[in-house]
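Please read the points below alongside the model. They go from chain B as a whole to its sheets, and then to chain A.

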Amino acid sequence: MSASPGAPAPVEAGGRDERPAERDRPSAIRRLGLERYAIVIVLVAMIVAFGVDIPSTFLSIGNLSNILGSQAVLFILVMAVLLPTIMGDFVDLSLGSSLGLSAMVLAVLNVQHGTNVLLACLAGIGAAVIVGLFNVFFVVYFDNDPFIVTLGTMTIVQGIIYIVSGNNSVGIVSTSLSNWVFSNEFLSIPLEFYYGLAIFLVVWYVLSFTPVGQKALVIGQSREVARLTGVRVNRQRSWAFIIGAAIAGIAGIAYAATNGTVDPTAGSALILPAYAAVFLGATAIKPGRINALGALVAVYFLATGTAGLELLGAQSYIQQIFYGAALVVAITIPKVNRDRIFKRRRTA
Amino acid sequence: MEAPAPPAVELRDISKDFGSNRALDHVDLSIGDGEVVGLVGQNGSGKSTLVKILSGVHVPEPGGRLFVSGEEVPLPLAPGQASQIGLSFVYQNLALAPGLTVLENLTLGQRVAAGARAAWAPINWLGEKRRGAAVLDRYGVRLNLDQRTGELPPVDQARLAIVRAAEDLNRYRTRSGYKHSVLVLDEPTVFLPEEDVEQLFDLIRTVKAEGAAVLFISHDLVAVRSIADRVVVLRDGRVVAEVPAGEIEEQALVDLIVGTSARQGGSAAADEARPVEVTLAPAGPAGAEDTPGPGPGQHVAVEHLSDGRLKDLSFEIGAGEILGVAGLIGSGAEDLPYLLFGAHPALSGTLRLGSEKLDITALSPQRSVRQRIALVPADRQLLGLAERLTLWENIVMLVEDEHYRGGVFHRGELVELAREAVQRFEIRPPRTHAVIATFSGGNQQKALLAKWLIAGPRLLLLHEPTQGVDVGARRDIYRFVKSAATLNQTSVLWVTTDFGELAEVCDRVIVLSEGRTTDTLAGEELSDDAITAAALRQIREVR
């Protein structure tokens, strides 16, 4: 009921009053068009600042490799998180435990049962897909709240991980896998970065350059509108859960290969940072929309920030504070409307 | 002999203007203690405006006065003030929380009325339950206090809402010491099957016997005549008659509501001279279209359609014909577009589109879109447009697939297509990349119409297509739909409660009542008043 624009918009062509009742008065930042590149600009500023301050360490190939490579697992998980989220299934908490399950299945099969690495990887991804199917069944088919269902799924899968692993860390996963994922480098950057990049390119293409992606956007904005426009809403949502889970499974493989040993709590620490990146990414490139390119920028924005701070001597837990603060600040800035603040001061 | 008691509530000289439009014109209305007054009139006659002045929503023009038990209360009323002077309202939607129990709903009013200070007072649920049971008992209503309200049949929900309102009035009388209290019932019977209405009336008679004054607003003349002591007829914002309910024949009442001297229905619609070419040629090779067919322009027939409310309904729409469907709320007319699109499930029925025969129960929105059936729903914000997407994204939603070729999404073509549509459908301002929520209601509606018309529908289903739309956009929408019908031979189904609109745009109007077609009007017979009279008359015939 906010503002019922009953009156027709004035129509003098070229007139200054051409815009209709301004329901959503854009903030100064948005009007200047800065919003979409705000994070990019801050990222560049950060690189300049760290570069000036600690040029020898920050501007080294080693650090670049560290920033790009160390976040590859998180980055792949972010692509997984993106899919259900963009369709309005706002949270799939179980993606973190899908990652953990995939890594653990791989480790247990490969280390304890001597299964071929490739088969073990496929089994890991398969396990993650089963988790996705479980979610589809209870979220889409029975039309439950995704937050509640995936909270349950997450807990169940975590329990299964403990059973499979006997509550122990399992290692060491085949070195040939490590080589192909982590140790081998191309242009001094671990290969897993390129795997993440490849997944990103596919996700980005589908979401931004196909009708499927456009429909996903409509589903995310309004499920009923999509349904009445003839979009196969539930089918698309189901695929988002399943493919999201599969990508989380791939992230699990990368995790196992990177760390060598798999800890039973592997995925749970990653899922919230992944959501932080997705929502931070929704403030960039296409503000107000969850988008793949924004998520890419957000992940490496966060990675650069934490790497710089750590090189300055901050403890590694600074990462958490930096993540949280960046998210809260980024979503708030577009809402900071000068008029509103002044008005509030006046009445206060 | 003492002077007769003052009426419980009296309105004097109430007027209300909306812009240049006079909704109420010097209306006087009074209701005595223990009296039921029926308020009738067609859509737009001012009934709901009057209720909203009583409830404090609208501010009347200066000069209007309100007396409660003979004492003047200054107008306008503040929101919430109505309950403090002994007025209580039950609206069509009943304002019950479906997830709460009967008892919780029953006592909700007390919680709110108790004010902030009592907000922390502990609730004795056992005592509440005892009192609740006693209250229901007093009104002769049998309900399980622990049942979720949403699980009750509609009539029991209506009774619960009335009991709650009556009980609020009761408390008001004991607390204030005043004798008066006024219960306003706004269309409480529309969703009820006729056999349940009588139960409701028993309850209203109990409330009346307690001494409350009751204002009963309804379209249903049978109901009004059987429950009211006196009937007040509003027409064009004026009280045209005030008669004892027992003394007036129904036909006479219909004449009073509509006005005996039938006014000229067709207002000057002279601007149809420039029809709009509404199908835009797809810029790419048409690939994804599943239905080649001979294009638009096919005879449509609906056969034996039934759902909860519609009963074995059959009708036809010729190619290029605009068929209006008129019906009062509850007649089933408002379900029709959604059933034919497959958005709501039907129980049975077939839809013939040219030579094709479709089972309506097996329709789904996806299937309908492929069959080029279009639905413009009444709730454009919730069902029609993706509000936070841009204008162009909304317009091209249905034709996107045709512009994805060889792995490349031709966004430029789509934007160009949208830009063309914006021009043809005169959407203003022509900013294709602006978020659709920033446009005015009329322009949003034009965009919604454009979205469906550029897909070249064979059957266009419209539900309240000009709701919340300004006059200029309304004319445009009439023009667009008419030209789609003439130029593309699209068959159009137009459902609205604005009967004047039907008279103006439709070639033929069918009137529904209780889920059946009871009248067909065409040509010279088409006028606002004729349709209204037909819709009102039917209730009588069916009952």
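Among contacts in chain B between residues at least 6 apart in sequence, what percentage join residues at least 24 apart?

1. That share is 73% in chain B, where two residues are in contact if their C-beta atoms, placed from the backbone, lie within 7 Å. This is a predicted model, in which local features need pLDDT of at least 70 and side-chain atom pairs count only at pLDDT 80 or more, while totals for chains, interfaces and linings use all residues. Residues are numbered from 1 along each chain as its sequence is written, and chains are lettered from A and ligands numbered from 1 in the order in which they are written.

2. Chain B holds 17 helices and 22 strands; helices (H or I, at least four residues) and strands (E, at least two) are DSSP runs, numbered from the N terminus. Of its 543 residues, 47% count as buried. A residue is buried if 20 or more other C-beta atoms lie within 10 Å of its own, exposed if 12 or fewer, and partly exposed in between, with C-beta atoms placed from the backbone.

3. The division of chain B is into domain 1 (9–258), domain 2 (298–372 + 456–543) and domain 3 (387–454), with bounds from an automatic or database domain assignment. In chain B, the contact between domain 2 and domain 3 involves 13 residues of the former and 11 of the latter. Helix α15 (residues 471–488) of chain B gives the most to the domain 2 side, with 6 residues. The centres of these two domains, taken over C-alpha atoms, are 26 Å apart.

4. One open sheet of chain B has 4 strands in the order β2-β1-β4-β5, paired antiparallel; two strands pair if DSSP finds at least two bridges between them. At its edges are β2 (21–31) and β5 (71–73) of chain B, each with a single partner strand, so one side of each lacks a neighbour in the sheet. The average turn between neighbouring strands of this sheet is 25°, direction ignored; axes are lines fitted to C-alpha atoms, for helices over the stretch in contact, and angles run from 0 to 180 degrees between N-to-C directions. Within the sheet, β1 (residues 9–18) and β4 (residues 65–68) of chain B are joined by 4 bridges, and B:Glu10 has B:Phe67 in β4(B) as its bridge partner.

5. A further open sheet has 6 strands in the order β16-β19-β20-β13-β21-β22 (chain B), with mixed pairing. Its neighbouring strands are turned by 20° against each other on average, direction ignored. The parallel pair β19 (residues 459–463) and β20 (residues 491–495) of chain B has 5 bridges; in it, B:His463 is opposite B:Val495.

6. In chain A, helix α15 (residues 292–311) has 20 residues and spans 29 Å from first C-alpha to last, close to the expected 28 Å, that is, 1.5 Å times one less than the number of residues. Because 15 of its 20 residues are buried, α15(A) is largely enclosed by the rest of the structure. A:Gly313, just after α15(A), has a positive phi of about 105°.

7. The largest nonpolar core has 253 residues, of which A:Leu77 and A:Val78 touch the most other members. Such a core is a set of buried Ala, Val, Leu, Ile, Met, Phe, Trp, Tyr and Cys residues joined through C-beta atoms within 7 Å. Beyond its neighbours within four places in sequence, A:Leu77 has contacts including A:Leu95, A:Ala248 and A:Leu270.
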